Amino acid sequence: MHNTFYICRRELTSFFFSPVAYVILAAWTVLMGIFYSGAFLSYAVVSMQLARNPQAAAQYNITPTSAVLEPVFSSVTVILLFVAPLLTMRLFSEEKKQGTIELMLTFPLRNGQMFAGKYLSVLSIYLIMLAITLVYPIILSTFVKVDWSIVSSAYLGMILAGMAFLSVGLLASSWTSNQIVAAMIAFMILLATFLMEALAIAASEPLSSILRHLSVGMHMRNFIRGIIDTRDIIYLININILCGFLVLRSLEYYRWRG
Amino acid sequence: MIRVENLTKYYGNLRGVTDISFQVEEGEVLGFLGPNGAGKSTTMRILTGYMPPNSGSAWVADINVSESPLEAQKNLGYLPETNPLYAEMTVRAYLNFVASMKGMSGAGKEAGIRRVLGSCGLEDVAHRLIGNLSKGYRQRVGLAQAMVNDPPVLILDEPTSGLDPAQIVEIRNLITELKGNRTLILSTHILPEVNMVCDRVVIIHRGRIAAEGALDTLAANMQADSTIRISAVGVAGALSDKMKTVSGVERVELLGTSTGEEAHFEVHARGGDDIRSNLVAAVFAAEGKLTEIRQMRLTLEDLFVRIVSGEQKDDEETVNA
């Protein structure tokens, strides 16, 4: 526990020492702002039109939460596709490249503690990024009524999906000493999980259902709509467990190969 | 304190080390010698628990490294050959991190950090980024890192490589000071360093132990013959003939003559007896004027070269057979 905390703290210090951190945080804030203001402005237009046409309003049942926040939350998953590999790429590959992993592996430290420390560091960065986006539902709630139960379900989903994405990124980073390669591998894997849904449409049963259940997008959609399904939670947590296990194997392999 | 038994490590099909066994007593400084790629780093990495061996066992502080790596690693300070450091940390923050990794906390950690900052001469740079330090200072940080928890066993892989001569002396003095009652394994291919610092050496070549023992005994064993260099002004042939008559002399070699008819000889003699005065007498008998006489000592370099090239000869013989 003690060691995990110090590794996490060291990683955070290193992260905020590099300009990459500020570029990622700035890009994230700007992109989220664009998504939010776009959704907000189009909702303003739509709600104005619907106000003149009560029949259509009753038919579409558009709420501020579904019209403004759902698209914003959906875009988080997409942006995460790029951001997760960037956040995690250096965690193991940099240590391999600099050789510092040799020292780390001779400290009285379990591989699991090293993984946990690095995972927690990048998770806390992600949570900070998510916390920034909390400002949007808060701004929205000053104008209209926001359905906070949907918002909290969506945040639970985003946290779980983020954890899964980050663990994939860590895994890719443990495979190589090149940060760019690590980021590319992680991006490919994450993209593949996204594209599975598109493949599912073309495929026949039972492959179609399997692909759909493997895709992150499908599991995310429930959370964003306010549905908390244990299947989705277990799916996303399983990705963490699988990746964690493979990272430990990868470190073990690294020791053996020398 | 440190024990290695029948250690073998393969890298794929390549042999890293083969059947290595040695022992280091408490408080002893062992020099680990060998050409590049001989297997020094491999052995050290196995001792530190960084890398498991294919067969054999290693004990550090009498703890089996494979069975309880964490316990063994607590008693260990390690400076890898490449001296990897986090460039983006300050010296103090880095030492604090390493101390925490080694399980130190609270006042003990603080005291440990202050102690190594002092003993490694790092107080002035404690708040500077490691990335901005000179190579000599980085090497000190590496040493400080290895010693922050005051471990009974220190393993230093080429601690002076890549430093300038002044820095080498600095680091060497530091190591001599820090020896104390620690058990220390030091790998190097700078041979004078071994003479100055180590009690005993293990020479490793092609993954095997080629020679082992205290420096003097190793040298004495190898030094069955003695070599003396003599320079004298006179008739070279007469000088040479007279010297050959001295008992024990096996061969006299004329190395060359310089201006003023000064001839330089190398005299090879059997046995360890000092025959210098007899040779001087021989020079006078040949009516020569002695200008220089010097007993050639078998240096560690000679020893090292003999072992390494001798092994090669053995290999060739086995190939031929």
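Student: What covers the buried residues of α3(B)?

Tutor: In this predicted model, the cover includes α1 of chain A, along with α4 (106-119) and α5 (135-147) of chain B. So the list names helices of both chains.

Student: What makes helix α3 (residues 91-101) of chain B "mostly covered"?

Tutor: Nine of the eleven residues in α3(B) are buried. A residue earns that word when 20 or more other C-beta atoms lie within 10 Å of its own. Among those that pass are Val91(B), Tyr94(B), Leu95(B), Phe97(B) and Met101(B), and Asn96(B) and Ser100(B) are in the list as well. After the helix comes Gly103(B), with a positive phi near 85°.

Student: How many residues does each chain bring to the contact?

Tutor: Chain A brings 19 residues and chain B brings 22. On the side of chain A that touches chain B, α1 (2-17), α6 (100-104) and α13 (230-257) of chain A each supply at least two residues. The largest share, six residues, comes from α1(A).

Student: How do you know into which classes the residues on that side of chain A divide?

Tutor: By residue type: eight are nonpolar, eight polar and three charged. Gly goes with the polar ones, because the charged class holds Asp, Glu, Lys and Arg and the nonpolar list leaves Gly out.

Student: Let's turn to the whole of chain B. Why is it called more spread out than a compact globule?

Tutor: The radius of gyration of chain B is 25 Å, while the globule rule gives 20 Å for 321 residues; the value is well over the rule, so the chain counts as more spread out. The C-alpha trace spans about 80 × 50 × 30 Å along its principal axes. Buried residues make up 38% of the 321, and the secondary structure comes to eleven helices and 14 strands.

Student: Which strands stand at the edges of the sheet β2-β1-β4-β5 (chain B), and why?

Tutor: This is an open, antiparallel sheet of four strands. Its edges are β2 (14-24) and β5 (63-64) of chain B; each has a single partner strand, so one side of each lacks a neighbour in the sheet.

Student: What makes β1(B) and β4(B) a pair?

Tutor: Strand β1 (residues 2-11) and strand β4 (residues 55-60) of chain B share five bridges in the antiparallel sense. Two bridges are enough for a pair, so five satisfy the criterion. One example is Glu5(B), whose bridge partner in β4(B) is Ser57(B). Helix α1 (residues 40-47) of chain B packs on this sheet, touching β1, β2 and β4 of chain B, and its direction makes about 115° with that of β1(B).

Student: What is the strand order of the six-stranded sheet in chain B?

Tutor: The order is β6-β7-β8-β3-β9-β10, in an open sheet with mixed pairing. At the edges, β6 (76-79) and β10 (208-214) of chain B each pair on one side only. Neighbouring strands here are turned by 15° against each other on average, direction ignored.

Student: How do you know which strands β8(B) pairs with?

Tutor: Count the bridges: β3 (residues 29-33) of chain B shares five with β8(B), in the parallel sense, and β7 (residues 153-157) of chain B also shares five, again parallel. Leu30(B) stands opposite Ile185(B), and Leu156(B) has Leu186(B) as its bridge partner. The chain crosses from β7(B) to β8(B) through helix α6 (residues 165-179) of chain B, in a right-handed β-α-β crossover.

Student: What makes β8(B) and β13(B) good examples to set side by side?

Tutor: Their faces. In a regular strand the side chains alternate between the two faces of the sheet. In β8(B), Thr183(B), Ile185(B) and Ser187(B) point one way, Leu184(B), Leu186(B) and Thr188(B) the other, and all are buried. Strand β13 (residues 262-270) of chain B has a covered face with Ala263(B), Phe265(B), Val267(B) and Ala269(B), and an uncovered face including Glu262(B), His264(B) and Arg270(B).

Student: Why are β12(B) and β13(B) said to pair?

Tutor: They share eight antiparallel bridges, and the criterion is at least two, so they pair. Leu254(B) has Phe265(B) as its partner in β13(B). The two strands form a hairpin with three residues between them, and Gly260(B) in the turn has a positive phi of about 75°.

Technical notes. Residues numbered from 1 in each chain as written. Chains lettered and ligands numbered in written order. Predicted model: local features only at pLDDT ≥ 70, side-chain atom pairs only at ≥ 80, totals over all residues. Buried ≥ 20, exposed ≤ 12 C-beta atoms within 10 Å, placed from the backbone. Right-handed = clockwise from strand over helix to strand, strands pointing away. Contact = placed C-beta atoms within 7 Å. Axes fitted to C-alpha atoms, helices over the stretch in contact; angles between N-to-C directions. Rg over C-alpha atoms; globule rule 2.2 N^0.38 Å.
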